[in-house]
Structures are given as structure tokens and as C-alpha cells.
Amino acid sequence: MAETEASLLRQFPLLLPQNRAKTVYEGFISAQGRDFHLKILLPKDLQLRNARLLCSWQLKAILNGYHHVVQQRMQHSPDLTSFLVELKMVLEVALKNKKELLVYVDTCFSTIKLKAEDASGREHLITVKLKAKYPAESPDCIVDFPVSFSVSWTPQSSLISIHSQFLAALESLKAFWDVMDEIDEKTWVLEPEKPTRSATARRIALGTNASINIEVDPRHPTMLPECCFLGADHVVKPLGIRLSRNIHLWDPENSLLQNLKDVLEIDFPAHAILEKSDFSMDCGICYAYQLDGAIPDQVCDNSQCGQPFHQICLYEWLRGLLTSRQSFNVIFGECPYCSKVSKLLITFHKMCLAFSNIF
């Protein structure tokens with residue numbers, strides 16, 4: 001009991017017992033730098049579920065709409081200190097909600113979602129999951145970021161400090177999201193179809209059955225990304241040569257998209273000019289565009305054919321041909337469409353990885 005009273009005094013020094021039985025507490029609870037008057041009346045058995053909470057009119061106004069949450073926590077909190085900690089959280093969220101930052105809070109007050117806008121007006125969410133020993137134990141914070149996000153936390157920290165750190169992290173990633181948004185808006189992105197804010201890769205259409213896959217560094221978004229060309233050799237090899245020849249032209253002061261245009265000496269297909277069907281085709285084996293989330297990325301190198309296939313479909317096809325041959329980690333075989341030999345090849349170890357992911 002003495003330990004509980006010490007904890008109460010330590011965390012809420014402005015709330016003091018008013019009688020020897022310690023059935024009446026009166027004072028102030030602080031949140032966001034403001035003090036709010038309240039009074040707690042406990043029954044003789046000190047059971048919190050039968051207690052009464054009397055608030056100042058200011059506190060009542062702020063907690064309007066949260067009465068069910070307060071009552072629920074009063075019924076289930078193990079002691080007065082725990083209840084006051086939870087009441088303080090309710091108060092912080094209520095104050096945030098006045099600023100339209102609160103998106104969701106569950107009745108147990110263990111999961112809270114807050115929103116924020118970055119400097120470019122994009123809306124972001126952070127999900128805060130409180131642990132049993134809150135505030136002594138740091139809550140889990142879930143965000144849609146391309147980098148890890150951890151909060152600096154002490155027992156004196158609050159939801160406000162989490163939100164402030166969230167805002168600072170958003171600012172540090174603004175340039176990355178600016179780069180990715182420009183790519184999404186001004187090119188045809190084949191994969192992912194609905195990119196999340198954490199996605200660092202884009203597969204961008206270059207033309208009919210030709211594309212480039214880029215992996216952007218979120219900390220240095222305007223630097224040269226990892227690039228991989230996908231398509232028939234006679235189409236993508238010249239692009240690789242241009243990239244090597246013009247890499248000295250890459251200027252981190254320009255946007256990533258502009259740099260790609262400069263070094264590859266191309267204009268990307270735009271939404272306003274072409275439809276997706278103009279440069280993407282269904283797999284020539286399964287006759288589908290998407291298969292387990294993958295799109296066709298293997299293309300016959302015969303310029304008269306150019307039929308695309310899924311890696312998995314092509315692997316199964318080549319594996320069933322008696323004329324197919326394997327050289328180290330590469331399989332050679334005939335195109336299902338034009339029957340040209342040695343025009344199709346896939347990396348064997350990649351296919352093994354793909355099959356292990358499926359099965």
C-alpha cells in the first residue's frame with residue numbers, strides 16, 4: 001500500500017488525499033502543459049469501480065465524448081494510479097482531437113491512431129500500441145515508413161512527444177516521398193500497382209514489354225538508384241549502354257526522374273498519352289497479366305515476336321521441353337510463340353527462390 005501511495009504521489013504530485021481514510025483525493029492532473037482540477041471519491045473498501053469522479057467544467061468539456069472510455073477504465077483499472085495514468089492519456093488524446101489529429105482509439109485505450117501532414121500536404125498515420133506497464137514501458141509505434149522508426153521514451157513522456165517525433169521523421173523523409181510521388185504521377189508504374197509510403201522500388205514502363213526497376217535510397221533519394229532493365233536484349237542492352245555512357249551527367253540537384261530521362265536519353269510513357277495496354281501484355285503461357293502478384297517480365301528476344309511471359313510460367317514451359325538445356329544457372333529453350341531457339345533464358349536460382357516463396 002505504501003508503495004502504491006508513493007507511486008501516486010510521484011506521478012501526480014498535485015493530487016493529494018483529503019482525509020485519513022484516503023477515500024477522497026482532490027487536486028490537479030496535468031496534460032499538454034495545462035492543469036485540470038478534479039476530485040475522486042472512493043468507497044470505504046477503496047474499490048475503484050464504485051468511485052465517483054468530479055471534474056471542473058473545463059475538464060468536462062474536453063472529455064465530452066469520452067465518458068464511456070473513462071467509465072470503462074474506471075471499472076477495469078487495478079488501482080487509482082493506473083486509472084489516473086489512463087485518464088491522463090484520455091485527456092491528451094481528447095486535447096489532440098480538438099486539433100483533429102486523432103483518428104481512432106479503442107475502448108480499452110490500448111491502441112491509438114494519430115495523423116499528421118508533412119510539408120507537401122501528404123497525410124500520414126501512426127498507430128500507437130500501449131503496453132501493460134505504460135508509461136514505464138515504451139509503447140510500440142507502427143508507421144508506413146521506408147526506414148525504421150523508434151521513439152525516444154522516458155516514463156515522463158506522453159503521446160505528445162511521440163507525435164512530435166513523428167512529425168520530425170516526416171520532415172526527414174519529405175524529399176524521398178517527393179521523388180516517389182513524381183514518378184507515380186508522371187510515369188506508368190507497373191509494380192507495385194498501389195505503392196505504400198514504405199515502398200522504395202518502382203518498376204517503370206519504358207515501352208512495349210520493356211521496363212526499368214529502380215530501388216531508391218530513402219536517405220539519398222536524388223542519388224543514382226539501383227537499376228535493373230527488364231525486356232528483350234535488343235531493347236534493354238542499348239539502354240544499359242546509355243546509362244554507363246551518361247552516368248557522369250547525373251546531377252543530385254535535379255529530380256531523380258529528370259536524371260533518368262537525361263542519362264537514358266528517353267521520355268517515359270505518360271498517362272496523358274498512352275494507356276497501360278499500349279505497353280503491357282498478358283503472359284503468352286497462362287494468358288493472365290498478374291500471377292501471384294507478379295507481372296510478365298521475361299520477353300522473347302526475337303524482334304519479330306517480343307512476347308512476354310511470367311518467370312514461373314516460362315520456367316515450367318522450358319523444364320518440360322526435351323530440347324531445353326541448362327548452362328550453370330541459366331536455362332535455354334524455344335519460345336512458345338515463335339519457336340526460336342536460344343532466344344529465351346531465365347536465371348535458374350531466381351526461379352528456385354520464386355518457387356520456394358509460393359510453396
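This is a short tour of one helix, the sheet beside it and two cysteines.

The model is predicted: local features need pLDDT of at least 70, side-chain atom pairs count only at pLDDT 80 or more, and totals for chains, interfaces and linings use all residues. Residues are numbered from 1 along each chain as its sequence is written, and side-chain values use heavy atoms, with hydrogens and water left out.

**Stop 1: helix H7**

Select residues 233-246, which form helix H7. Helices (H or I, at least four residues) and strands (E, at least two) are DSSP runs, numbered from the N terminus. H7 has 14 residues and reaches 20 Å from its first C-alpha to its last, close to the 20 Å expected; the expected span is 1.5 Å times one less than the number of residues.

Now pick out Val236, Leu239, Leu243 and Asn246, the buried residues of H7. Buried means under 20% relative accessible area, exposed over 50%, and partly exposed in between (1.4 Å probe, protein chains only). The buried residues lie on the same side of H7, because they cover an arc of only 100° around the axis. That arc is taken from the directions from the helix axis to the C-beta atoms. Turn to the face away from the buried side: the exposed residues Lys237, Ile241 and Ser244 are there.

Next, show strand E10 (201-207), strand E12 (226-230) and helix H8 (256-264), against which the buried residues of H7 pack. Contact here means heavy atoms within 4.5 Å.

**Stop 2: the sheet**

Add the other strands to see an open sheet of 4 strands, in the order E9-E10-E11-E12, with antiparallel pairing. Two strands pair if DSSP finds at least two bridges between them. At the edges are strand E9 (189-191) and E12, each pairing on one side only. Neighbouring strands are turned by 30° against each other on average, direction ignored.

Zoom in on strand E11 (residues 210-215), which pairs with E12 in the antiparallel sense over 5 bridges. Ile214 stands opposite Cys227 in E12. H7 packs on the sheet, touching E10, E11 and E12, and its direction makes about 155° with that of E12. Axes are lines fitted to C-alpha atoms, for helices over the stretch in contact, and angles run from 0 to 180 degrees between N-to-C directions.

**Stop 3: two cysteines**

Select Cys286 and Cys313. A disulfide is a pair of cysteine sulfur atoms within 2.5 Å, and the count comes to 0. The sulfur of Cys286 is 3.8 Å from the closest cysteine sulfur, in Cys313, too far for a bond. Cys286 is partly exposed, with a relative accessible area of 31%, whereas Cys313 is buried, at 10%.
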